[in-house]
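Let's take a walk through this one together, starting with a long look at a helix and then moving on to charges and surface. Keep the viewer open as you read.

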Amino acid sequence: MSVKHSLLALLASSPMYGAQLRQEFESRTGGTWPLNVGQVYTTLSRLERDGFVEASGAADEEGRIEYRLTTAGRAEVQRWWSAPVDRGQTPRDELAIKLALAVTLPGVDVPTVVQTQRTATMRHLRDLTRLKVDATEDLAWSLVLESLVFQAEAEIRWLDHIESRLARVRPTRPDASSTAGHRRTTDSEATR
C-alpha cells in the first residue's frame with residue numbers, strides 16, 4: 001500500500017492536518033489498513049522534503065500544521081492515477097513464507113497448518129460477507145470489502161491446491177514390504 005500516494009490523493013481535494021489525513025484515509029478504506037499518526041507525519045515530512053507538499057500557513061494555536069499539494073505534488077497524484085499498480089515488487093506474504101518453511105523443515109505437521117489456516121480464512125470470509133451486506137450504501141467501503149472477499153476466496157483455493165500437491169508429493173506411507181527395493185519418486189520426476 002502506498003501511504004505516500006494515498007496522502008497526496010487526499011490532499012488533492014483540500015489542505016489537511018496530519019490527523020485529518022489519517023482520519024480521512026481510514027474512513028475511506030473502512031479502517032481496513034489503520035495508519036499510525038506518526039507514520040502520517042513521517043510521510044508528510046518526506047513529501048515536504050521531496051517538494052510534493054508544503055505547509056499552507058503557520059501552525060495553529062494547537063501546533064497543527066495544515067499541508068497542501070505543490071504543483072509537483074499534483075503532477076505526482078496524476079501520475080499515480082494513470083499508472084497501474086506495480087506487481088513486480090511483490091510484498092512479503094507471511095502465509096506463503098510460513099508454508100514454504102513448513103514443507104522444508106522436519107517435524108512440521110503441514111496438513112494441520114494448512115487446515116488451521118483454512119478454518120481461519122473461512123471465518124474471515126464469513127465475517128467479510130456479513131459486513132458486505134451492511135456496506136451497500138458506501139461505494140468505497142464496498143469496493144474494499146469486495147477486494148478482501150476475493151482475496152480470501154483465492155487464499156482458500158490456494159490452500160486446496162497445496163493440499164492436493166501435498167497428497168501427490170507425500171502420499172500415504174505404504175507398508176515396508178511394498179517399498180523394499182524401490183526408491184520414492186519425487187514430485188519433479190513424477191511430472192516428467
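Before we start, one cut-off: a residue is called buried when its relative accessible area is under 20%, exposed when that value is over 50%, and partly exposed in between. Bear in mind, too, that this is a predicted model.

Now find helix α7, which covers residues 139-169. It has 31 residues and reaches 45 Å from its first C-alpha to its last, close to the 45 Å expected at 1.5 Å a residue. Just ahead of it, D138 caps the N-terminal end of α7, with a side-chain oxygen 3.3 Å from the backbone nitrogen of A140.

Which residues of α7 are buried? The list runs W141, S142, V144, L145, L148, V149, A152, I156, L159, I162 and L166. It helps to recall that an α-helix has 3.6 residues a turn, so residues three or four places apart point the same way. As for what those buried residues pack against, look to α2 (18-28), α5 (94-102) and α6 (110-134).

Stay with α7 a moment longer, since it also takes part in a salt bridge. D160 pairs with R118, and their closest N and O atoms are 2.5 Å apart. This pair links distant parts of the chain, as R118 sits in helix α6 and D160 in helix α7, 42 residues apart. Are the two partners buried or exposed? R118 counts as buried because its relative accessible area is 9%, while D160, at 38%, counts as partly exposed.

That bridge is one of 10 salt bridges found in a search of the whole structure. For another, go to E24 and R28, whose closest N and O atoms are 2.9 Å apart. These two are 4 residues apart in helix α2, so about one helical turn separates them. E24 has a relative accessible area of 25%, so it is partly exposed; R28 is partly exposed as well, at 43%.

Then there's the salt bridge between D50 and R49, again with closest N and O atoms 2.9 Å apart. Here D50 is partly exposed, with a relative accessible area of 41%, whereas R49 counts as exposed because its relative accessibility is 61%. A little further along the numbering, D60, E62 and R64 are linked in a network of salt bridges.

Next, swing round to H5, in helix α1 (residues 3-11). H5 counts as buried because its relative accessibility is 9%. What does the side chain of H5 make a polar contact with? The partner is the side chain of S2, at 2.7 Å. Leaving aside residues up to four places away in sequence, H5 touches E76, R79 and W80.

Finally, have a look at the surface. I97, L101, L105 and V108 form a nonpolar patch there, with about 320 Å² of accessible area together. I97 lies in helix α5, and that residue is partly exposed because its relative accessible area is 41%. Helix α5 has come up before, as one of the helices that the buried residues of α7 pack against.

Technical notes:
Residues are numbered from 1 along each chain as its sequence is written. This is a predicted model: local features need pLDDT of at least 70, side-chain atom pairs count only at pLDDT 80 or more; totals for chains, interfaces and linings use all residues. Side-chain values use heavy atoms; hydrogens and water are left out. Buried means under 20% relative accessible area, exposed over 50%, partly exposed in between (1.4 Å probe, protein chains only). A polar contact is a pair of N or O atoms within 3.5 Å; within protein, one must be able to donate a hydrogen and the other to accept it, and residues adjacent in sequence count only if both atoms are side-chain atoms. Contact means heavy atoms within 4.5 Å. The expected span of a helix is 1.5 Å times one less than its number of residues. A salt bridge is a side-chain nitrogen of Lys or Arg within 4 Å of a carboxyl oxygen of Asp or Glu. Patches are made of residues with over 30% relative accessible area and no salt bridge: like charges are joined within 9 Å, nonpolar side chains (Val, Leu, Ile, Met, Phe, Trp, Tyr) within 5 Å. Accessible areas come from the Shrake-Rupley method with a 1.4 Å probe; for residues, only the protein chains shown count as cover.
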